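Take a look at the chain below. Some questions and answers follow.

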Amino acid sequence: MIVLGNYGVSDRIDVGVVIPFVRLSPQGERFDTYRGQAFVQATGSASASGLGDIVARIKYNMLREGASGLALGAETRLPTGDEENLLGAGEISFTPRMIGSVEGRAVGFHGEVSYTLHGVSKGLG
């Protein structure tokens, strides 16, 4: 379950928050093959539930021209989930982003460029 909210501070600034509640129930088996026959060596299961990593966002609309525009945004993931029980990443991360839209008469394009600094999900967004 996710609780989220966005609020328009002004006609150009939006802020938002995402609060995830996570429930995991992993299970599995490990097999070994001996002389062409598979044997179960081990089985395991676990469960965990609770608050995940909270995300805070902000977006500023820099340029508007009809339905086209350019915005700058940022997202911070806070390590509020229990890392040991796989409910969170255990590290803070920050993702700046640039968002653009171009609308024509028949076709529109929308895109985003972002890069996550620090944290588990490093790389291009």
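**Strands and loops**

There are zero helices and ten strands in this chain; helices (H or I, at least four residues) and strands (E, at least two) are DSSP runs, numbered from the N terminus. The model is predicted: local features need pLDDT of at least 70, side-chain atom pairs count only at pLDDT 80 or more, and totals for chains, interfaces and linings use all residues. Residues are numbered from 1 along each chain as its sequence is written, and side-chain values use heavy atoms, with hydrogens and water left out.

Q: What is the radius of gyration of the chain?
A: The radius is taken over C-alpha atoms, and the globule rule is 2.2 Å times the number of residues to the power 0.38. For 125 residues that rule gives 14 Å. The chain is well over this, so it is more spread out than a compact globule, with a radius of gyration of 21 Å.

Q: What percentage of the residues of the chain count as buried?
A: Buried means under 20% relative accessible area, exposed over 50%, and partly exposed in between (1.4 Å probe, protein chains only). The chain has 125 residues. The buried part is 20%.

Q: How many buried residues does strand β3 have?
A: Strand β3 covers residues 27-34. These eight residues are hardly covered. The count of buried residues is zero.

Q: In which sense do β3 and β4 pair?
A: Two strands pair if DSSP finds at least two bridges between them. β3 and β4 (residues 37-45) have eight bridges. One partnership joins Gln 27 to Ser 45 in β4. The sense of the pairing is antiparallel.

Q: Which residue takes a positive phi in the hairpin of β3 and β4?
A: The hairpin has two residues between the strands. The residue in question is not a glycine, yet its phi is about 50 degrees. It is exposed, with a relative accessible area of 75%. It is Arg 35.

Q: Is Leu 86 buried or exposed?
A: Leu 86 sits in the loop between β7 and β8. Its phi is positive, about 65 degrees, although Leu 86 is not a glycine. At 64% relative accessibility, Leu 86 counts as exposed.

Q: What is the distance in space between Glu 84 and Ala 48?
A: Glu 84 is in the loop between β7 (68-78) and β8 (93-103). Glu 84 counts as exposed, at 77% relative accessibility. In sequence, Glu 84 and Ala 48 are 36 residues apart. In space, C-alpha to C-alpha, they are apart by 9.9 Å.
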